[in-house]
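Please open the model in your viewer with the whole chain in cartoon form, and keep the selection panel at hand. The tour below goes from the overall outline to the interior and then to a few single residues.

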Amino acid sequence: MQITITLVIIGLTCLVSFPAFKNDKLKDDLLFWPYYIKRKNQYYRFLTAGFLHADTTHLLFNMISLYSFGNAIEVFIFKTYFGPNTSILYIVLYLTAIIIASIPDFFKHQNNFEYRALGASGAVSAIVFAAITIDPAQKLYLFFALPIPGYIFGLAFLALSAYLAKRGGDNIGHNAHFWGAVYGVFFTYIAGKAFANFDFFKNFVEKVF
């Protein structure tokens, strides 16, 4: 089996997440906690939170999504347009998405001691929407059975994330789903113009309409 960047990320995420399931101190030291980021300058939390998960179900959902879309992007989709720049662009997209997807919640909750979040949601969303941006008509399988166009899946995904974020009640960064998705689209468009001289927005319109 080929060792891809995606598999390395999954491995690192599991190595951090599994011990934290039963170690509250480790979890509290690494999760996204805006209150402490602001007052103790613990900026590392923007990144480390992306390698933590609430439980096995949360971890499996994100890692299965990452494996499905990340491998496709890394091995085929990005490589078609970005060639030798594929690996670095993929790594930069994933890591910066973890950070950028959490910034809105930082400003919203920086004075709220109770708010904290964790998960690779922002980065995984960025990867999913990078794929959708490049090929919006590709068929994605809802519940592994119902094929729907990628852009329809994307809209449903954003709507669900917004609903779960509004409902709250857990430590999962649902807002990060939304902002990670937005960032994934933006990053892919800019990368297309800068590294491939290709307009993914025009390509999106042509494939959808």
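With the whole chain selected, begin with its overall extent: a compact globule of 209 residues would have a radius of gyration near 17 Å, and the chain, at 17 Å, agrees with this, the radius being taken over C-alpha atoms and the globule rule being 2.2 Å times the number of residues to the power 0.38. Along the principal axes, the C-alpha atoms fill a box of roughly 45 × 35 × 35 Å. This is a predicted model, in which local features need pLDDT of at least 70 and side-chain atom pairs count only at pLDDT 80 or more, while totals for chains, interfaces and linings use all residues. Residues are numbered from 1 along each chain as its sequence is written, and side-chain values use heavy atoms, with hydrogens and water left out.

Next, colour by secondary structure. The chain has 11 helices and two strands, where helices (H or I, at least four residues) and strands (E, at least two) are DSSP runs numbered from the N terminus. Read from the N terminus, the order of elements is α-α-α-α-α-α-α-α-β-β-α-α-α.

Now switch to the surface. The accessible surface of the chain comes to about 10,900 Å², and 67% of this belongs to carbon and sulfur atoms; the areas come from the Shrake-Rupley method with a 1.4 Å probe, and for residues only the protein chains shown count as cover. Of the 209 residues, 46% count as buried, a term that stands for under 20% relative accessible area, with exposed meaning over 50% and partly exposed in between (1.4 Å probe, protein chains only). Among contacts (heavy atoms within 4.5 Å) between residues at least 6 apart in sequence, 71% join residues at least 24 apart.

Then hide the surface and select Leu66, Ile73, Phe78, Leu93, Tyr94 and Ile127, which touch the most other members of the largest nonpolar core, a set of 39 residues. Such a core is a set of buried Ala, Val, Leu, Ile, Met, Phe, Trp, Tyr and Cys residues joined through side-chain atoms within 4.5 Å. At least two residues of this core come from each of helix 1 (5–21), helix 5 (56–82), helix 6 (86–100), helix 8 (121–134), helix 9 (150–167) and helix 10, and helix 8 gives the most, with 10 residues. A second, separate core has seven residues, among them Ile37, Phe46, Ala49 and Tyr115.

Stay with the larger core for one more selection, and centre the view on Leu93. Apart from neighbours within four places in sequence, Leu93 is in contact with Phe78, Ala126, Ile127, Ala130, Tyr183, Gly184 and Phe187.

Move next to Thr13, in helix 1. Thr13 counts as buried because its relative accessibility is 0%, and, with residues up to four places away in sequence not counted, it touches Gly50, Phe51, His53, Leu59 and Met63.

From Thr13, step across to its contact partner Leu59, which is found in helix 5. Leu59 is likewise buried, at 2% relative accessibility. Outside the neighbours within four places in sequence, Leu59 is in contact with Thr13, Cys14, Ser17, Phe18, Phe21 and His53.

Which residues does Ile98 contact, once its neighbours within four places in sequence are left aside? Select Ile98 in helix 6, where it is buried with a relative accessible area of 5%, and the partners that appear are Phe46, Leu47, Gly50, Phe51 and Ala123. Ile98 and Val124 are 26 residues apart in sequence, with their C-alpha atoms 8.5 Å apart.

For a loop position, go to Asp135, between helix 8 and strand 1 (139–142). Asp135 counts as partly exposed, at 28% relative accessibility. Although Asp135 and Phe204 are 69 residues apart in sequence, the C-alpha to C-alpha distance between them is 7.1 Å.

The last stops concern backbone angles. Most residues other than glycine have a negative phi. Asn41, in the loop between helix 3 (34–40) and helix 4 (45–48), has a positive phi of about 55 degrees although it is not a glycine. Asn197, in the loop between helix 10 (174–195) and helix 11 (200–208), also has a positive phi, near 50 degrees, and is exposed, with a relative accessible area of 68%.
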